[in-house]
Amino acid sequence: MLRDATEDDVNLMLSWRNQEINRQVSKTSHVITVEEHRRWWSAVRQDPTRRVLTYLRDGVPSGAVSYFDLRMSGPRTGGWGFYLDAEGLAERGDTLPAWLEVMREAVDHAFDVLALDRLDGEVLAHNTAVRQMNRRFRFVEGPGRQETHDGREITVIPISLERANRRVR
């Protein structure tokens, strides 16, 4: 289940985002400070083009879904990303089911609640597991581009999913 993120979720989000496994597959790979995170949260709450949701797995906060650059007129488009409490889900043996569920719910939210026509995102080239999962959900990859973040060279691959191509349950 997805719900609007609350003030109580903010510290959980920071702890999840700073987990090593999540930092390895993110553009920003350094440990995010409390101050950085608070500035981000403050900016998100005031930005009408952004939404942050908390993913609940069996009632337990287990991840964050972020929508950004929401364009709600003309072609309705937006970007998205997510990260999970990888350590907590692994301890419970829930990683794969949670991953499938959060992706399904995030895509459904984008098209059914936000009423987007196209959902965009990015994935790092070395993140083969996510790239495979994205294809399963019918996202299409664009050409990769080289970027430098936190002193490391990465290849960023844009992805998109058109409303007409989404997998409907």
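These questions and answers walk through the cores, two helices and a set of paired strands of a predicted model.

Residues are numbered from 1 along each chain as its sequence is written. Local features need pLDDT of at least 70, side-chain atom pairs count only at pLDDT 80 or more, totals for chains, interfaces and linings use all residues, and side-chain values use heavy atoms, with hydrogens and water left out.

Trainee: Which element gives the most to the largest nonpolar core?

Mentor: A nonpolar core is a set of buried Ala, Val, Leu, Ile, Met, Phe, Trp, Tyr and Cys residues joined through side-chain atoms within 4.5 Å. Buried means under 20% relative accessible area, exposed over 50%, partly exposed in between (1.4 Å probe, protein chains only). The largest core has 29 residues, and the elements that each supply at least two include β2 (51-57), β3 (60-71) and α5 (95-113). Helices (H or I, at least four residues) and strands (E, at least two) are DSSP runs, numbered from the N terminus; with 9 residues, the top contributor is α5.

Trainee: What is the bridge partner of Y67 in β4?

Mentor: Strands pair if DSSP finds at least two bridges between them. β3 and β4 pair in the antiparallel sense over 7 bridges. They form a hairpin with 5 residues between them. Opposite Y67 in β4 sits W80.

Trainee: Which residue stands opposite T77 in β5?

Mentor: β4 is mostly covered, with 6 of its 8 residues buried. β4 and β5 pair in the parallel sense, over 3 bridges. Across from T77 in β5 is R118.

Trainee: How wide is the arc of the buried residues of α1?

Mentor: In α1 (residues 7-17), D9, V10, M13, L14, W16 and R17 are buried. The arc is that of the directions from the helix axis to the C-beta atoms. The buried residues of α1 line one face, because they fall within an arc of 160°.

Trainee: And how wide is the arc for α3?

Mentor: H37, W41 and V44 are buried in α3. On the other side, E35, R39 and Q46 are exposed. An α-helix has 3.6 residues a turn, so residues three or four places apart point the same way. The buried residues of α3 line one face, as they fall within an arc of 65°.

Trainee: How far apart are the end C-alpha atoms of α3?

Mentor: The expected span is 1.5 Å times one less than the number of residues. For the 13 residues of α3 that gives 18 Å, which agrees with end C-alpha atoms that are apart by 19 Å.
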